[in-house]
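Student: I would like a close look at the charged side chains in this model. Which of them pair, and where do the partners sit?

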Amino acid sequence: MEKRLLGGELEVSALGLGCMGMSDFYSGRDEEESVLTIHRALDLGVNFLDTADMYGIGSNEELVGQAIKDRRGEVVLATKFGNMRSADGAFLGVNGRPEYVRSACEASLKRLGVDYIDLYYQHRVDPNVPIEETVGAMAELVSEGKVRYLGLSEAAPATIRRAHAVHPITALQTEYSLWSRDVEDEILPVCRELGIGFVPYSPLGRGFLTGQFRTIDDLAEDDFRRFSPRFQGDNFQKNLDLVIRIEEIAAEKDCTPSQLALAWLLAQGDDIVSIPGTKRRIYLEENVGALGISLSEADLARIEEAAPQGAAAGSRYHEAGMKAVNL
């Protein structure tokens with residue numbers, strides 16, 4: 001398994017595993033298969049596991065904790081705090097207050113069944129709390145040995161700089177894929193200037209780039225993607241046209257569109273470690289196959305032509321969701 005460094009210090013597998021869908025947002029739950037998927041990931045050398053306290057309202061952390069309880073030494077464990085939800089799943093807002101940082105960490109440690117978290121992210125920036133106060137509280141957790149490294153998610157360039165001045169930020173997690181490339185303008189350059197690793201989430205466009213969706217009816221009724229702007233109305237067909245262009249290149253490379261999309265991300269820099277999510281071993285193994293795909297300059301040029309920046313139709317989230325990113 002290829003290894004990469006986040007922030008110049010934290011060594012992880014070049015591909016991680018996003019665990020969100022095992023417990024939330026996407027349809028279908030199979031905890032047994034999810035645990036087997038995590039075990040298979042570790043067997044393949046995929047040691048970078050990503051979860052958050054909001055996924056499944058804590059149940060995803062419990063699931064990950066169960067899966068790694070006898071294999072903690074093999075895992076680089078990342079989780080996130082800040083997005084609050086009620087017991088019925090309703091979103092209650094973002095909380096970056098120092099006292100909440102501590103209580104959230106303690107709760108995550110308990111659910112995960114571990115003594116420390118390798119990489120602790122603020123899931124969304126709280127616009128009502130100075131980032132210096134939030135990161136200061138996170139830094140205290142590092143000094144106490146409860147957290148090893150700090151991260152941010154969906155933070156703006158100025159916020160990243162201010163946070164990094166308080167305590168080194170090891171990784172920034174933000175959506176990045178062939179249909180979400182806006183980070184290339186300012187955010188990724190700032191991370192590289194400061195030596196911060198970059199962790200793209202939704203590297204397969206919430207599954208759209210896999211080519212498995214041809215109509216909106218391919219999604220279950222309870223799948224949140226049905227309500228995503230990029231899956232609705234005319235946007236669906238426009239984005240499908242993009243996927244078809246990627247599929248043509250993938251066929252020539254004798255790989256799947258998923259593998260091509262992941263190989264493209266890996267080729268964007270050694271400081272990039274994406275975390276494709278899956279709850280099934282078959283898709284995990286397919287994703288890992290992307291590590292064996294080499295893209296020439298000609299290949300990258302063709303992909304650029306097929307999926308240039310801004311090619312995707314529709315925003316990443318609805319209006320409320322977009323207000324919570326890039327703060």
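Tutor: Arg316 and Glu154 are both buried, a class that requires under 20% relative accessible area, against over 50% for exposed and values in between for partly exposed (1.4 Å probe, protein chains only). The model is predicted, so local features need pLDDT of at least 70 and side-chain atom pairs count only at pLDDT 80 or more, while totals for chains, interfaces and linings use all residues. Residues are numbered from 1 along each chain as its sequence is written, and side-chain values use heavy atoms, with hydrogens and water left out.

The side chains of Arg316 and Glu154 form a salt bridge with an N to O distance of 2.6 Å; the term denotes a side-chain nitrogen of Lys or Arg within 4 Å of a carboxyl oxygen of Asp or Glu. Arg316 lies in the loop between helix H10 (297-306) and helix H11 (319-323), and Glu154 in the loop between strand S9 (147-153) and H5, so the pair ties together parts that are 162 residues apart in sequence. Helices (H or I, at least four residues) and strands (E, at least two) are DSSP runs, numbered from the N terminus. Elsewhere, Arg102, Glu106, Glu140, Glu144 and Lys146 are joined into one network by salt bridges that share partners.

By the rule above, the count comes to 27 salt bridges. One of them links Asp270 and Arg4, at 3.8 Å from N to O. Because Asp270 is in the loop between helix H8 (257-266) and helix H9 (281-288) and Arg4 is in strand S1 (residues 3-6), this pair ties together parts 266 residues apart in sequence. Here the two partners fall in separate burial classes: Asp270 counts as exposed, at 61% relative accessibility, whereas Arg4 counts as buried, at 7%.

A further salt bridge joins the side chains of Glu132 and Arg162, with an N to O distance of 2.9 Å. Glu132 belongs to helix H4 (residues 131-143) and Arg162 to helix H5 (residues 157-166), so the pair ties together parts 30 residues apart in sequence. Glu132 counts as partly exposed at 31% relative accessibility, and Arg162 is also partly exposed, with a relative accessible area of 39%. As general background, side chains of opposite charge can pair when their charged atoms come close.
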